[in-house]
Amino acid sequence: MRSLTFTIFILSATLAAAASNSDEGPAFSRKLSPRSLGLKKEKLSHLHFFFHDIVKGHQPTAMGITKAAIANSSTGFGMMMIADEPLTLKPHRSSKLVGRAQGIYASASQSELDLLMVLNFAFMEGNYNGSSLSVLGRNPIFSGEREMPIVGGTGVFKFGRGYVKAKTYAYDNKTSNAVVEYDVYVLHR
């Protein structure tokens, strides 16, 4: 019996050593404890700021990068913009800068004026300096209040998830420039 136990032990050790020395390298995945990454209990943070979308005029903050070959003038379907928008504490562009919204937005509907938003909110103020949140979602810009999901974050917002509420504060029909009020609700570590 002792011989059988010893043989099973040697066989198990040999198989384990062979698996760890395989040509494929380390295992593809493994389970981790959140504590091993320094993660703590989640917090819920609320941020409030104004987004300035300037497409025409002095110092535009968003520029067209493509248009559809056949344009749908009522919705702008196929239009795509690259953006580096200031995020300010108050609705005036001269207000204190708290971050930037950097990314792409595109007209993604043939029947309504809906934008697909792919943005990173990069913060540069206070405890959030150097942190960011990623937003990806549908933005029906002429609806009163709209929601878009937060799909991740960096820095203070690691493992961030939540949503943003956007509401147009001011819109200029001649230039299409807009100021949008954002309320951000994010769970993070």
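Is Arg161 buried, partly exposed or exposed? At 40% relative accessibility, Arg161 counts as partly exposed. Before I go on, please note that this is a predicted model.

I will start with the partner of this arginine. Arg161 forms a salt bridge with Glu42, and the closest N and O atoms are 2.3 Å apart. Glu42 sits in the loop between α1 (2-20) and β1 (43-53), while Arg161 belongs to strand β8 (residues 161-171), so the salt bridge ties together parts that are 119 residues apart in sequence. Glu42 is also partly exposed, because its relative accessibility is 27%, and the band for that label lies between 20% and 50%.

How many salt bridges are there by this rule? The count comes to six. I will cover two more of them, and they have Arg138 in common.

One is between Arg138 and Glu112, with the closest N and O atoms 4.0 Å apart. This pair links distant parts of the chain: Arg138 is in strand β6 (residues 132-140), and Glu112 is in the loop between β4 (97-107) and β5 (114-123), 26 residues apart. The other is between Arg138 and Asp114, where the closest N and O atoms are 2.8 Å apart. Asp114 lies in strand β5 and Arg138 in strand β6, so this salt bridge ties together parts that are 24 residues apart in sequence. Through the shared partner, Glu112, Asp114 and Arg138 are joined into one network.

Which of these three are partly exposed, and which is buried? Arg138 is partly exposed, with a relative accessible area of 48%. Glu112 is partly exposed too, at 42% relative accessibility. Asp114, at 6%, counts as buried, because the label applies under 20%.

The last residue is His188, in strand β9 (residues 178-188). His188 is buried, with a relative accessible area of 1%. What does its side chain reach? The side chain of His188 comes to 3.1 Å from the backbone oxygen of Val156. Leaving aside residues up to four places away in sequence, His188 touches Lys41, Glu42, Lys43, Ser45, Val156, Phe157, Lys158 and Gly160.

That list brings us back to the opening pair. Glu42, which His188 touches, is the residue that forms the salt bridge with Arg161. Val156 also appears among the residues touched by His188, and its backbone oxygen is the atom that the histidine side chain reaches.

Technical notes
Residues numbered from 1 in each chain as written. Predicted model: local features only at pLDDT ≥ 70, side-chain atom pairs only at ≥ 80, totals over all residues. Heavy atoms only, no water. Salt bridge = Lys/Arg side-chain N within 4 Å of Asp/Glu carboxyl O. Helix = DSSP H or I, 4+ residues; strand = E, 2+ residues; numbered from the N terminus. Buried < 20%, exposed > 50% of the residue type's maximum accessible area, 1.4 Å probe, protein only. Polar contact = N/O pair within 3.5 Å; in protein donor to acceptor, adjacent residues only side chain to side chain. Contact = heavy atoms within 4.5 Å.
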